[in-house]
Amino acid sequence: MLDFRLLKDTRCGIGESPVWDDRRKVLFFVDIKAPAIHSIRLDGSEHRTWTMPRVVGSIGLGASGRLVVALERTIAVFDPEDESLDILAEVPSEPSWHRLNDGKVGPDGAFWVGSMDDRPQKEPRGSLYRVDGRGRVTRVLEHVCLVSNGLAWSADGRTMFHSDSRGPWIDRYDFEPSSGRLANRARIATLDEARGRPDGGACDEEGFYWSSGVSAGRLNRISRDGEIVETHPVPVPAPTMPCFCGDGLKTLVITSLKPDNPDGLASAPQSGSLFIASSPVAGARVERWMDV
């Protein structure tokens, strides 16, 4: 079992989207509805916070060192050095009750980000978008899920995983790294509350998919065919997304969220914080967004 320990007692409302910056040697992550972007070193030092003007669903790391940011229904670029935030593009045709959610840079150098219905009673109208470095937004999948989540790519860049936290399912696609083309959608797993509804995901170098079981306090390692081959408990009930980071990508950091009910928070007061563990397997490298 992975031995998770507290990295930082951040207690985010919805901690999400951890992204490892191998040049700066820091981990970026977000608190979705604070809203804010954070960075921290893996020893817990140099914790920085930048307040965002709108809900921030996810981030990706650019070749320039800037971050591509999903702000509500807008794509922006944030520079942690000069703290500038520039709007790059609006996501078209999303209703006012939708927002952008989980996002990650793909092997094609584009930022992939999904949308979700942000109302308590959700409808399955979430879409998936591809955003290139010039800010061109392409809707790749339309009205496929309630809460788009779990984006991750295999180490060879030829398989993409995508989940719906409320589905709750995980799909696998063939992926063409040179063009970003998807093909051969396959539903590989349908999970439940006990096994862990699939939230954020990451891939390792052996082709397995790691899924945060947000309803079950666990991190599931899943084969490309959907079999849960390992289950690792985490110290809080609602982990949200894993990230391989550090030297050799053999450190796992996981974000989490605070439960809505006071009893849940009382039993796990460090909910919303960051947790870290050594990993027996290296992660798949995540590409950088090809910003210009």
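Strands here are DSSP runs of E, at least two residues long, numbered from the N terminus. One caution before we start: this is a predicted model.

Let's begin with the annotated region. The UniProt record, an unreviewed entry, carries the annotation "domain: SMP-30/Gluconolactonase/LRE-like region" for residues 14–257. Over that stretch the chain is 0% helix and 58% strand. The C-alpha atoms at its two ends are 4 Å apart.

Now Gly 15. Gly 15 sits in strand β2, residues 15–21. Is Gly 15 buried or exposed? Buried, with a relative accessible area of 1%. Set aside the neighbours within four places in sequence, and Gly 15 is in contact with Val 30, Asp 31, Thr 240, Thr 255, Ser 256 and Leu 257. Pro 177 is another matter: 162 residues along the chain from Gly 15, with 29 Å between the two C-alpha atoms.

Asp 31 takes us to the next pair of strands. Asp 31 stands opposite Ala 36 in β4. The strands here are β3, residues 26–31, and β4, and they pair antiparallel over five bridges. A hairpin of four residues connects β3 to β4. On the other flank, β4 pairs with β5, residues 48–51, again in the antiparallel sense, over four bridges. There, Ser 39 has Arg 48 of β5 as its bridge partner.

How many of the five residues of β4 are buried? Five of five, across residues 36–40. Recall the general rule: in a regular strand, side chains alternate between the two faces of the sheet. In β4, both faces are covered. Ala 36, His 38 and Ile 40 are buried on one side. Ile 37 and Ser 39 are buried on the other.

Next, the nonpolar cores. The largest has 26 residues. Which of them touch the most other members? Phe 4, Leu 27, Leu 219 and Val 253. At least two residues of this core come from each of β3, β22 (239–245), β23 (251–256) and β24 (274–278). β24 gives the largest share, four residues. Apart from this core lies another, of 17 residues, including Val 55, Val 69, Leu 71 and Phe 78.

Back to Leu 27 for its full contact list. Beyond four places in sequence, Leu 27 touches Pro 18, Val 19, Trp 20, His 38, Ser 39, Ile 40, Leu 42, Cys 243, Cys 245 and Val 253. Note that His 38 and Ile 40 are on one side of β4, while Ser 39 is on the other.

On to the sheets. One open sheet has four strands in the order β6-β7-β8-β9, with antiparallel pairing. The edges are β6 (56–61) and β9 (84–90). Each has a single partner strand, so one side of each lacks a neighbour in the sheet. On average, neighbouring strands are turned by 25° against each other, direction ignored. Within this sheet, β6 and β7, residues 67–71, pair antiparallel over five bridges. Gly 60 stands opposite Val 68 in β7.

Another open sheet of four strands runs β10-β11-β12-β13, also with antiparallel pairing. Here β10 (98–105) and β13 (137–145) stand at the edges. Why is one side of each left without a neighbour? Because each has a single partner strand in the sheet. Neighbouring strands are turned by 25° on average, direction ignored. Four bridges join β11 to β12, residues 126–131, and the two run antiparallel. Val 113 has Tyr 129 as its bridge partner in β12.

Inside that sheet, look at Ser 115. Ser 115 lies in β11, residues 111–117. Ser 115 is buried, at 0% relative accessible area. Beyond four places in sequence, the contacts of Ser 115 include Glu 94, His 98, Arg 125, Tyr 129 and Cys 145.

That brings us to the cysteines. How many disulfides does a search of the whole structure find? Zero. The cut-off is 2.5 Å between cysteine sulfur atoms. For Cys 145, the closest cysteine sulfur belongs to Cys 203, 18 Å away, so a bond is ruled out by distance. For Cys 203, the closest is in Cys 243, at 12 Å, also too far for a bond. Cys 145 is buried, with a relative accessible area of 1%. Cys 203 counts as buried too, at 4%.

Definitions and conventions: Residues numbered from 1 in each chain as written. Predicted model: local features only at pLDDT ≥ 70, side-chain atom pairs only at ≥ 80, totals over all residues. Heavy atoms only, no water. Buried < 20%, exposed > 50% of the residue type's maximum accessible area, 1.4 Å probe, protein only. Contact = heavy atoms within 4.5 Å. Pairing = 2+ DSSP bridges. Axes fitted to C-alpha atoms, helices over the stretch in contact; angles between N-to-C directions. UniProt positions renumbered as here; feature names shortened; annotations may be inferred. Core = buried A, V, L, I, M, F, W, Y, C linked by side-chain atoms within 4.5 Å.
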